[in-house]
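Q: I am new to reading protein structures. Can you walk me through this one, feature by feature?

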Amino acid sequence: MIMKIKKRKFKILLILLFTLFVYHEFYDTNHISGGDLLEESFSPNKQYILKAYRTDGGALSANSVRVELINNGSVKNIYFNYPENNVKITWLDETTVEINGKQLNILKDKYDWRK
């Protein structure tokens, strides 16, 4: 009886760990990094920096564009789109930006084509 409970707990733990791994690798954009720098754009008050990168999809995939926000040394991805090769960044005000036609509040919004 005790062995069955331990096996069940172990299976549940494995499923949980696998689910977390899949989420981190395929759905969480904050771990995505690298790529070729396309553009660097400063907010009107120079408080925020957006850096846009093109990531090479390789032979079996198209390229994608990722934009990261740099705020007081903190870096987070706020835009990720596939397939895409170029970027156009337009600041609408101090915290609102338009990236390739998608309007985002850089402090609370995130665009990810997978969601």
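**Strands, sheet and surface**

A: Start with one pair of strands, and keep in mind that this is a predicted model. Strand β2 (residues 48-55) pairs with strand β3 (residues 64-71) over 8 bridges, in the antiparallel sense.

Q: What do strands of a sheet pair through?
A: They pair through backbone hydrogen bonds, either parallel or antiparallel. Now take one bridge here: Thr 55 has Ser 64 in β3 as its bridge partner.

Q: In what order do the 5 strands of the open sheet lie?
A: The order is β1-β2-β3-β4-β8, and the pairing is mixed.

Q: Which are the edge strands?
A: An edge strand pairs on one side only. Here these are β1 (36-42) and β8 (111-112).

Q: How many helices and strands does the chain have?
A: The chain has 1 helix and 8 strands. Read from the N terminus, the elements run α-β-β-β-β-β-β-β-β.

Q: Where does Leu 17 lie?
A: Leu 17 is in helix α1 (residues 2-26). Together with Leu 13 and Leu 16, Leu 17 forms a nonpolar patch on the surface. The accessible area of the three together is about 280 Å².

Q: Why does Leu 17 count as partly exposed?
A: Partly exposed is the class between under 20% and over 50% relative accessible area. Leu 17 has 48% relative accessibility, so it counts as partly exposed.

Q: What about the whole chain?
A: Of its 115 residues, 29% are buried. The accessible surface comes to about 7,900 Å², and 57% of that belongs to carbon and sulfur atoms.

Key
Residues are numbered from 1 along each chain as its sequence is written. This is a predicted model: local features need pLDDT of at least 70, side-chain atom pairs count only at pLDDT 80 or more; totals for chains, interfaces and linings use all residues. Side-chain values use heavy atoms; hydrogens and water are left out. Two strands pair if DSSP finds at least two bridges between them. Helices (H or I, at least four residues) and strands (E, at least two) are DSSP runs, numbered from the N terminus. Buried means under 20% relative accessible area, exposed over 50%, partly exposed in between (1.4 Å probe, protein chains only). Accessible areas come from the Shrake-Rupley method with a 1.4 Å probe; for residues, only the protein chains shown count as cover. Patches are made of residues with over 30% relative accessible area and no salt bridge: like charges are joined within 9 Å, nonpolar side chains (Val, Leu, Ile, Met, Phe, Trp, Tyr) within 5 Å. A salt bridge is a side-chain nitrogen of Lys or Arg within 4 Å of a carboxyl oxygen of Asp or Glu.
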